[in-house]
Every structure is written in structure tokens, then in C-alpha cells.
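Biologist: I would like a close look at a single part of this model, described with care and in a connected way. Please choose one helix and take me through how it sits in its surroundings.

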Amino acid sequence: MKKVFSLIAILALMFSMAACSSDEKASTGEKKEDVTISYASWSLGTEKEQNLERLMIKAFEKKYPNIKVKIDESISPTDWNGTLAAAASAGKMPDVFALPQIPASLSNDWLMDVTKMTEKDKDFANIPEAVRESATYNEKVYAIPFAQHFLGYLVNKDLFNEANLDYPEFGFSVEEYTKAIKEVTNISKGVAGTNHAFSVADWYPAAVNPDMGWYTLADGQYSLDSKEFIAGANLAKEIITNNYAYETLPDDQKANFKGENPEEVWMNGQVAVKWDGTWGIPALLEKGQFEFDYIGLPGGRTGVTNDFVGISKTSKHAEEAYLFSKWMSFGKEGFMKRMEIAQKEGKALNTLPVNSDPEILDEYFAINEVPGIKIAYDNLDNAVVEPVKTEPGYVDARWEAPTGVKVGDEANAKVALIMDNVIKGNLKIEDYAKQLDQLADQKSKEAQEALKDK
């Protein structure tokens with residue numbers, strides 16, 4: 001009898017251990033239900049190319065074999081919000097999708113509140129505070145910081161060396177910027193000081209006044225009638241009207257350059273100081289034939305812009321969608337894998353780290369080949385954030401809002417057309433600054449009010 005009871009006890013223990021093992025497997029995802037999540041992004045390239053993003057998806061599926069990721073190609077890069085709206089109307093929203101602007105997606109009621117998932121996530125806490133706040137509306141997190149880029153200038157060191165001039169370095173002043181592009185320009189020899197000047201009015205106020213942000217924006221208010229903004233617009237006009245910028249040169253002067261478009265002219269080494277984002281660096285590392293560096297913004301500030309993804313409010317697999325979004329973006333494990341794949345496959349990293357974990361940063365800067373990026377990272381406390389994707393009303397305030405002003409054949413010109421004509425020298429910024437400022441503040445207030453109930 002004792003032997004029978006002993007056998008029963010042993011069997012019971014075995015079943016108990018098996019049950020525990022089963023529970024452990026379930027908790028690690030090994031025995032979870034198989035699910036498929038859909039994903040839409042403009043950065044996936046083609047199946048044939050197998051770019052870094054697609055390789056990251058494959059690595060995710062290997063790590064989490066119960067989760068399959070289906071790429072949704074019905075969302076068109078040429079009409080992203082339009083095709084997203086169509087998908088929403090048809091009840092076919094992707095589980096995870098790239099966001100051109102968070103406020104637009106929020107106002108369309110497309111985004112899931114992911115606050116509960118982020119507040120217990122240690123990796124999310126390692127995202128810089130300014131970036132976390134940019135994805136937060138009414139104290140709720142609605143978007144996931146997906147990638148990080150720096151905005152600013154890249155310098156072709158060779159052109160300055162050949163002209164026996166000092167090239168600008170990170171921390172250069174507005175005066176040094178202006179002097180550099182003027183002195184290096186030699187149109188007859190096919191050398192342009194810069195690629196274009198249309199971004200000068202956006203960054204200039206923040207470069208000369210620490211209390212101002214991008215396009216003067218600070219705490220939801222604009223200062224477009226300020227001396228800083230007016231000076232920036234006039235500097236942009238000076239650069240263009242004096243033919244220091246390639247993209248606005250007359251055709252007969254462009255004939256001195258090699259290339260069918262501005263990017264080719266830059267890659268051919270004929271632009272000295274190029275306005276760009278760090279997303280342009282991988283191509284330079286792969287194909288560039290000249291020595292270059294990232295030098296950021298005049299004034300020593302780091303210009304930051306982030307990409308974001310959202311999780312559909314109607315997703316039936318929210319936890320898996322969040323896990324995937326984290327892997328592809330700010331998660332430590334995912335970013336370490338991204339760097340590993342990039343090195344193994346010989347691909348340039350296409351994003352800066354979003355997560356400020358020291359181990360991530362140490363590994364990243366051990367393989368990063370552009371000195372200026374490290375300096376820019378060290379200056380993140382002095383960063384200025386481009387608000388295009390995050391600030392309610394900004395797209396209207398900067399580009400889309402009708403002004404009631406007649407410009408050429410356009411009876412009701414939008415802000416973008418006014419600014420383009422100011423910078424090209426056809427209009428005076430002093431005549432429109434006050435009106436633009438009032439309009440921008442109006443659009444900001446309207447957009448903020450519209451999101452209060454979200």
C-alpha cells in the first residue's frame with residue numbers, strides 16, 4: 001500500500017512539474033496563441049531589397065514564433081492619411097502604422113491609448129523626456145517613438161580644404177555659417193555654398209534665442225513678428241538672391257554642375273554645406289567620395305526629429321502590436337539586434353538610438369563613423385525639436401493655412417506660398433509677419449481645443 005501511495009505521490013509531483021513548466025512556457029510566449037499583426041510603413045523598401053527594417057521583422061518573428069507580421073501594402077506612401085482613412089472606414093486598419101502627424105491621427109480617432117503598457121516599461125522610461133512628452137496628449141500616451149534623427153547641416157570638408165578655407169564645425173555661429181557658404185561658393189567652377197535656404201527661417205530663431213523653438217514655437221505660441229524670425233527670413237532671402245544655394249540657381253548656372261537633381265549634385269561633391277537629416281548619412285557612408293561630417297545647427301543646438309508609429313484603436317492584438325513596435329524602435333533588445341544585423345549584413349544604421357541606455361549608446365558610438373553625431377548627442381540637453389509630427393496645428397501654421405493674401409495667380413495664398421515668395425525675394429517678410437503670427441496662434445489654439453476631449 002505504501003508503494004502505491006508513493007507511486008501516486010511521484011505521479012502527482014510529475015504532473016505538477018509539467019504544469020509549472022507549461023505555465024512558464026506560456027509566460028515566455030512559447031505556448032501562446034498564434035496571432036498575425038499587420039504593419040504599414042513607408043520605410044520597408046521591397047521584398048527583393050531586404051532592407052534593415054525587413055530583416056528586423058524577420059528577427060522579431062524568430063524571437064517570437066507565435067507572432068507573424070503581415071506587411072500591409074494597401075496604405076500608399078503617396079496618400080498615407082487618405083488610404084489610412086479608407087482602411088479605417090472599411091474596418092481594415094493595420095495593427096501598427098507609421099504616423100506622418102500624431103495630432104491628425106488622434107483627431108481621426110485611430111490611435112489606441114497605450115499608457116498602461118508604457119508606464120510599466122523600463123525601456124520606455126529610458127526614452128528622453130522631451131521625446132516621451134511629444135507622444136503624450138492630455139497625459140495619455142498615444143504614439144510610440146520609432147526612430148530618432150538629427151536635423152542640421154552636413155559639411156563637405158574637401159571643398160573647404162581645396163579652397164584653403166576653414167570648414168565649419170559643430171557649435172559654429174550664424175555668422176560663421178553665413179561667411180562659410182559665401183566664401184566657398186564658386187558657381188563657375190561648380191561649387192555651391194549650400195543646397196537650399198528654405199529651412200533657415202525655421203531654425204534661425206532657436207539658434208539666436210534660447211527661449212525660442214522651431215519656427216519660433218514655444219509653449220504653443222508663435223513669435224513670427226519677432227526680430228529673430230524676420231532676420232532669419234531675410235538671411236534666407238540673401239542666400240538665395242545672391243546665388244549661394246544650388247537649388248534656386250538659374251538654369252544657365254546649374255549647367256556648371258554634374259547631376260540631374262540636387263541629391264546627385266551633393267553626392268558628386270559640389271555642395272559645401274547641405275541641409276539634411278541624419279537619415280541621409282547611410283548613403284554617404286556607402287557611396288560618398290569625399291570627407292564629410294555632421295555639424296548640426298548654428299548656435300550649437302541639436303535639431304531633433306522623431307518618427308512615430310501608432311497602434312490601431314481597433315487592434316485585436318494590442319499586446320503583440322506593442323511588443324512588435326517596441327522591438328522595432330526603443331526596446332533595448334531590439335536595438336541591440338538592429339546593430340548586430342547592420343554589422344553582419346553590411347548595412348548602415350538608419351536611425352539613432354531612441355533609448356538612452358548606456359550599453360546601447362556605448363555600442364552605437366563604437367561603430368558610428370561620424371564624429372559630429374556624438375557631439376550632437378552630448379548636447380541633447382540643448383536640443384530643439386522639430387514639431388511637424390507632434391504639435392497640434394503646426395502643419396497649418398507653417399504651410400497649409402490660407403492667408404487671404406493674393407500672390408501671383410493665387411487669390412488666397414497659403415502660408416507656404418507666402419514664405420517661399422519671401423525667401424525668393426518677391427515679398428517682404430516685414431509686410432506679413434504680424435498676420436502670419438496671428439494666424440499661426442489661431443491655428444494652434446484651434447487644434448489644441450479640438451484635442452481636449454481625446
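Modeller: What follows is an account of one helix, from its extent to its end, with a short look at one strand afterwards. The model is a predicted one, and the part chosen is helix 16, which runs over residues 332–345 and so named holds 14 residues. From its first C-alpha to its last, helix 16 reaches 20 Å, which is close to the 20 Å expected at 1.5 Å a residue. Among the residues of helix 16, Gly334, Phe335, Arg338, Met339, Ile341 and Ala342 are buried, in the sense of having under 20% relative accessible area. Seen down the axis of helix 16, these buried residues fall within an arc of 165 degrees, and therefore they line one face of the helix. An α-helix has 3.6 residues a turn, so residues three or four places apart point the same way. The cover over the buried residues of helix 16 includes helix 2 (52–63), helix 15 (318–328) and helix 17 (358–367). After helix 16 comes Gly346, and the phi of Gly346 is positive, near 70 degrees.

Strand 6, residues 144–156, offers a second view of burial, since it is mostly covered, with 13 of its 13 residues buried. Strand 6 runs antiparallel to strand 10 (residues 303–311), to which seven bridges join it, and there Gln148 has Asn306 as its bridge partner. Five bridges join strand 6 to strand 8 (residues 271–277), again in an antiparallel arrangement, with Leu151 standing opposite Gly277.

Technical notes. Residues numbered from 1 in each chain as written. Predicted model: local features only at pLDDT ≥ 70, side-chain atom pairs only at ≥ 80, totals over all residues. Heavy atoms only, no water. Helix = DSSP H or I, 4+ residues; strand = E, 2+ residues; numbered from the N terminus. Expected span 1.5 Å × (residues − 1). Buried < 20%, exposed > 50% of the residue type's maximum accessible area, 1.4 Å probe, protein only. Arc of directions from axis to C-beta. Contact = heavy atoms within 4.5 Å. Pairing = 2+ DSSP bridges.
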